[in-house]
Amino acid sequence: MDERRWPQIQPGTSACYRIVVEGELSEEWSGRLGGMRIQTSSTDNQPAVATLSGQVQDQAALMGVLNSLYQLRYKILSVNCEPCNGANENSTTKNQTLGEASDSR
């Protein structure tokens, strides 16, 4: 792994992520989704979008969150790896767009 491009991603260590999915997602799902914070937003002309953000233990835990979203049939729009800092774990620095990783709801 090129640590100059992705310095915050180290195998076996925790990292913060922002995951965006198409559709509404209740905060009640946070426990099943690794304790991530969930915010849903919508506009008149666009479908609702839910943003999950928070720290995951490692990449295996990240895959668990992504697999749960897939099983719930959410369309994953993007996954962002972010620096973890105590005050704000949700500032975006890196983006890995997954495109259409799952079926629409």
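1. Let's start with one pair of side chains: those of E82 and R18 make a polar contact at 2.9 Å. A polar contact here is a pair of N or O atoms within 3.5 Å; within protein, one must be able to donate a hydrogen and the other to accept it, and residues adjacent in sequence count only if both atoms are side-chain atoms. E82 is buried, with a relative accessible area of 0%. (Buried means under 20% relative accessible area, exposed over 50%, partly exposed in between, using a 1.4 Å probe and protein chains only.)

2. Before going on, a word on what you're looking at. This is a predicted model, where local features need pLDDT of at least 70, side-chain atom pairs count only at pLDDT 80 or more, and totals for chains, interfaces and linings use all residues. Residues are numbered from 1 along each chain as its sequence is written, and side-chain values use heavy atoms, with hydrogens and water left out.

3. Now the sheet. It's an open one of 4 strands in the order 2-3-1-4, with antiparallel pairing. Strands 2 and 4 sit at the edges with a single partner strand each, so one side of each has no neighbour in the sheet. From one strand to the next, the twist averages 15 degrees. (Helices, H or I of at least four residues, and strands, E of at least two, are DSSP runs numbered from the N terminus; two strands pair if DSSP finds at least two bridges between them.)

4. What about strand 1, residues 15–22? 7 of its 8 residues are buried, so the rest of the structure largely encloses it. Antiparallel to it runs strand 3 (residues 49–56), joined by 8 bridges; there, V20 has T51 as its bridge partner. Strand 4 (residues 75–82) is also antiparallel to strand 1, with 7 bridges. Across that pairing, E22 stands opposite K75, and C16 stands opposite E82, our residue from point 1.

5. Have a look at helix 1 too. Residues 59–71 form this helix, which lies across strands 1, 3 and 4 and runs at about 10 degrees to strand 1. (Axes are lines fitted to C-alpha atoms, for helices over the stretch in contact, meaning heavy atoms within 4.5 Å; angles run from 0 to 180 degrees between N-to-C directions.)

6. Finally, confidence. The average pLDDT (the predictor's confidence in each residue, from 0 to 100) is 79, and 70% of the residues score at least 70. Over residues 87–105 the pLDDT is below 50, although this stretch has 57 contacts in the model beyond near neighbours in sequence. Where pLDDT is low, don't read the predicted coordinates in detail.
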